[in-house]
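Let's take a walk through this structure together, one piece at a time. Keep the picture open while you read.

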Amino acid sequence: QVQLVESGGGLVQAGGSLRLSCAASGGTVSTYVMAWFRQAPGKERDFVSMISWSGENTVYADSVKGRFTISRENAKNTVNLQMNNLKPEDTAVYYCARGRRMTRLKGLYDYWGQGTQVTVSS
């Protein structure tokens, strides 16, 4: 049973940066697509970014393009999300997820972390 654990969330002022990490245990993620989603209070869980198993292909939601960078370290079974120039509208719980193909559809990801809170103050 794969377990994903996110870390790195917190409270930051607008314009600041945070680096989220997702560590996998109980199984590998090195041959899978990994993605980040986020969910704000009262809203749907939305796609943020994804990365192919090799790290060669990355995709971003328009709202974070140019500010967020996804990366992975397969030897460490981890995936990271560097978030720069944060905005209040980035406030949400951020989740990492494992999938078998590159897709923005959250229903096609089979394992999820418990989430980490990111709060951006104005």
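Is lysine 106 buried, partly exposed or exposed? Lysine 106 has a relative accessible area of 35%, so it counts as partly exposed. Bear in mind as we go that this is a predicted model.

Lysine 106 has a partner worth finding. Its side chain meets that of glutamate 44 in a salt bridge, at 3.9 Å from N to O. Look up where the two sit: lysine 106 is in the loop between β9 and β10 (109-112), while glutamate 44 is in the loop between β4 and β5 (45-51), so the pair ties together parts that are 62 residues apart in sequence. Glutamate 44, for its part, is exposed, because its relative accessible area is 56% and anything over 50% gets that label.

That pair belongs to a set of six salt bridges in the structure. The general idea is simple: side chains of opposite charge can pair when their charged atoms come close.

Now turn to arginine 38, which forms a salt bridge with aspartate 90, with the closest N and O atoms 2.9 Å apart. Arginine 38 is part of strand β4 (residues 33-39) and aspartate 90 belongs to the loop between β8 and β9 (92-99), so this contact ties together parts that are 52 residues apart in sequence. Unlike the exposed glutamate 44, arginine 38 and aspartate 90 are both buried.

Aspartate 90 has another partner too. Its side chain and that of arginine 67 meet in a salt bridge of 2.7 Å, N to O. Here again the pair links distant parts of the chain: arginine 67 is in the loop between β6 (58-60) and β7, aspartate 90 is in the loop between β8 and β9, and they are 23 residues apart. How buried are these two? Arginine 67 counts as buried because its relative accessibility is 8%, and aspartate 90 counts as buried because its value is 1%; the cut-off for that label is under 20%. Put the pieces together and you get a network of salt bridges that links Arg38, Arg67 and Asp90.

Arginine 38 also turns up in the next stop, the largest pocket. Thirteen residues line this pocket, and Arg38, Lys43, Asp46, Ser63 and Glu89 are the ones that lie nearest its centre. Its volume is about 170 Å³. What sort of residues make up the lining? There are eight charged residues, four nonpolar ones and one polar one.

Time for the strands. One open sheet here has four of them, in the order β1-β3-β8-β7, with antiparallel pairing. The edges are β1 and β7 (68-73), each of which pairs on one side only. On average, neighbouring strands of this sheet are turned by 15° against each other, direction ignored. As a general point, strands of a sheet pair through backbone hydrogen bonds, either parallel or antiparallel.

Start from the β1 edge. Strand β1 (residues 3-7) and β3 pair in the antiparallel sense over five bridges, and you can spot serine 7 opposite serine 21 in β3. On the next step across, β3 pairs with strand β8 (residues 78-83) over six bridges, also in the antiparallel sense. Try tracing a few of the partners: leucine 18 goes with methionine 83, arginine 19 with glutamine 82, and leucine 20 with leucine 81.

While you're at β3, look at its two faces. In a regular strand the side chains alternate between the two faces of the sheet. In β3 (residues 18-25), Leu18, Leu20, Cys22 and Ala24 make up the covered face, whereas Arg19, Ser21, Ala23 and Ser25 make up the uncovered one.

Finish with β8. Five of its six residues are buried, so β8 is largely enclosed by the rest of the structure. Six bridges join β8 to β7, and the two run antiparallel; serine 71 stands opposite asparagine 80 of β8. What do β7 and β8 form together? They make a hairpin with four residues between them, and asparagine 77 in the turn has a positive phi of about 55°.

How values were computed:
Residues are numbered from 1 along each chain as its sequence is written. This is a predicted model: local features need pLDDT of at least 70, side-chain atom pairs count only at pLDDT 80 or more; totals for chains, interfaces and linings use all residues. Side-chain values use heavy atoms; hydrogens and water are left out. Buried means under 20% relative accessible area, exposed over 50%, partly exposed in between (1.4 Å probe, protein chains only). Two strands pair if DSSP finds at least two bridges between them. On a 1 Å grid over the protein atoms alone, a cavity is a set of points where a 1.4 Å probe fits but cannot get out, and a pocket is an open set with protein on both sides within 12 Å along at least five of seven lines; lining residues have an atom within 4 Å of a point. Grid points are joined across faces, edges and corners, and a volume is the space filled by probe spheres set on the points. Ala, Val, Leu, Ile, Met, Phe, Trp, Tyr, Cys and Pro count as nonpolar, Asp, Glu, Lys and Arg as charged, and the others, Gly among them, as polar. Axes are lines fitted to C-alpha atoms, for helices over the stretch in contact, and angles run from 0 to 180 degrees between N-to-C directions. A salt bridge is a side-chain nitrogen of Lys or Arg within 4 Å of a carboxyl oxygen of Asp or Glu.
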